[in-house]
Amino acid sequence: MERAEKIKILQQLIQINSVNGNERVVANYLQQLFKAHGITSVELIPFNGATDRCSIIAEIGERTTDKVLALAGHLDTVAVGNRASWQFDPFSGQLSADSIYGRGAADMKSGLAAMVIAMIEIKESGVKLNGRLRFIGTASEELGARGAVELTQQGRIDDVTAMVVGEPTSGDIVFAHSGQFNYTVTAYGKSAHSSLPDKGINAIYHLNDFINAERTAFTDVPKSKLLGALVHSITVIKGGEQINSIPDQAYLQGNIRPIPEFDTQQVLERLQQIIAKLNQRPQVKLELTVRDRFEAIVNDPDSPFVNLVQAARTAAFGTPAQKLIIHGATDASAYVAANDCPMLLLGAGNWHDAHQINESVAVANYLNVLATYENIIRQYL
């Protein structure tokens, strides 16, 4: 495929508005692109029972070995924010000064385009694969990796033996990242007129008791050798409906980044202990609900697959990758629940450009990452 066509494909992907909830248009585009290049084993998988949202899986290769290499990404993007603040229209895919601009340029349509083109070029090269190459594009990654959760529950990751997730790493290797634990605590009380507070039960006060306990709940947790300290925050709070009424209900939401040394089960048990202790107090009624629960991803930075990817990257870029960790969660956080195969992050664009105004990716970085993917495929399969 010529350089100009590779650039055009990325621009066309960016021109598709796939802010979370509109993923099917991207899936349809990719399905047609695969079909135009002779890849017919493509499946659109409805997301959450909806007909207008889906994930996509495409595959080439043979079952000559048990090897299954997955190139995985997500189809959705975050919202564009204030469009007037953008230098170029966020859905223009504008090429300027050797960079391509637009929502998703880094996170992660450049990764998607590079993965798809790598599969197409491997297919058209006629090289025989000793195993299978699978492309996975998910819906709703930006809101809790829900598409990846569904694919995991459907068993579509079970046979994967190695995976590269195309999040924006500038072509560097992220070999470990934190997990994610999202939860809600609801406090129940009794309404009353604010002039007679003793006649009611103030749900906000009881919610505040949890907040105070949570602040020091994880001080004894040891730091991870790779990922550092467990990070925890209360990020949303709401209570009350009217200024002169005692609130009978209030809730908060919290986000925790588990580490291997203190996993999601231990996080859950610690929160349950706080709730149980507070609920022993008179009139206190707190309820814990878990929304998302993803484990940390950890690979040995000197493992055979990391070394293979490093060699593939060096051949494409001319320099070795940095081996990094991050504290965000990705689709791999869902996949690891069913499969502990090697899972690395490597994609085009800068992590710090993700979700930003004037999001962009350098053309050279995008093309070098594409070459890296092809090298990984050839070396692994």
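**A buried loop residue, a helix pair and an antiparallel sheet**

In the predicted model, I16 lies in the loop that joins α1 and α2. With a relative accessibility of 12%, I16 falls below the 20% cut-off and is therefore classed as buried. Leaving aside residues up to four places away in sequence, the contacts of I16 are with V25, V26, Y29, F91 and K109. I16 is separated from N212 by 196 residues in sequence and by 45 Å in space, taken from C-alpha to C-alpha.

The two helices that flank this loop, α1 (residues 3-15) and α2 (residues 24-36), pack at an angle of about 155 degrees, and their axes are 10 Å apart. The helices α1 and α2 are therefore roughly antiparallel to each other, and their crossing is right-handed. I9, Q12 and L13 of α1 make the contact with V26, Y29, L30 and L33 of α2; by class, this contact comprises 6 nonpolar residues, 1 polar residue and no charged residues.

Elsewhere in the model, an open sheet is formed by 4 strands in the order β11-β13-β9-β14, with antiparallel pairing. Because β11 (231-239) and β14 (286-294) stand at the edges and each has a single partner strand, one side of each is left without a neighbour in the sheet. From one strand to the next, the twist averages 15 degrees. Within the sheet, β9 (residues 180-188) and β13 (residues 249-257) pair in the antiparallel sense over 8 bridges, and N182 stands opposite N255 in β13. Helix α6 (residues 264-278) packs on this sheet, where α6 touches β9, β13 and β14, and the direction of α6 makes about 170 degrees with that of β14.

Technical notes
Residues are numbered from 1 along each chain as its sequence is written. This is a predicted model: local features need pLDDT of at least 70, side-chain atom pairs count only at pLDDT 80 or more; totals for chains, interfaces and linings use all residues. Side-chain values use heavy atoms; hydrogens and water are left out. Axes are lines fitted to C-alpha atoms, for helices over the stretch in contact, and angles run from 0 to 180 degrees between N-to-C directions. Angles under 35 degrees count as roughly parallel, over 145 as roughly antiparallel, 65 to 115 as roughly perpendicular and the rest as oblique. A crossing is left-handed if the near helix is turned anticlockwise from the far one by less than a right angle, and right-handed if clockwise. Contact means heavy atoms within 4.5 Å. Ala, Val, Leu, Ile, Met, Phe, Trp, Tyr, Cys and Pro count as nonpolar, Asp, Glu, Lys and Arg as charged, and the others, Gly among them, as polar. Buried means under 20% relative accessible area, exposed over 50%, partly exposed in between (1.4 Å probe, protein chains only). Two strands pair if DSSP finds at least two bridges between them.
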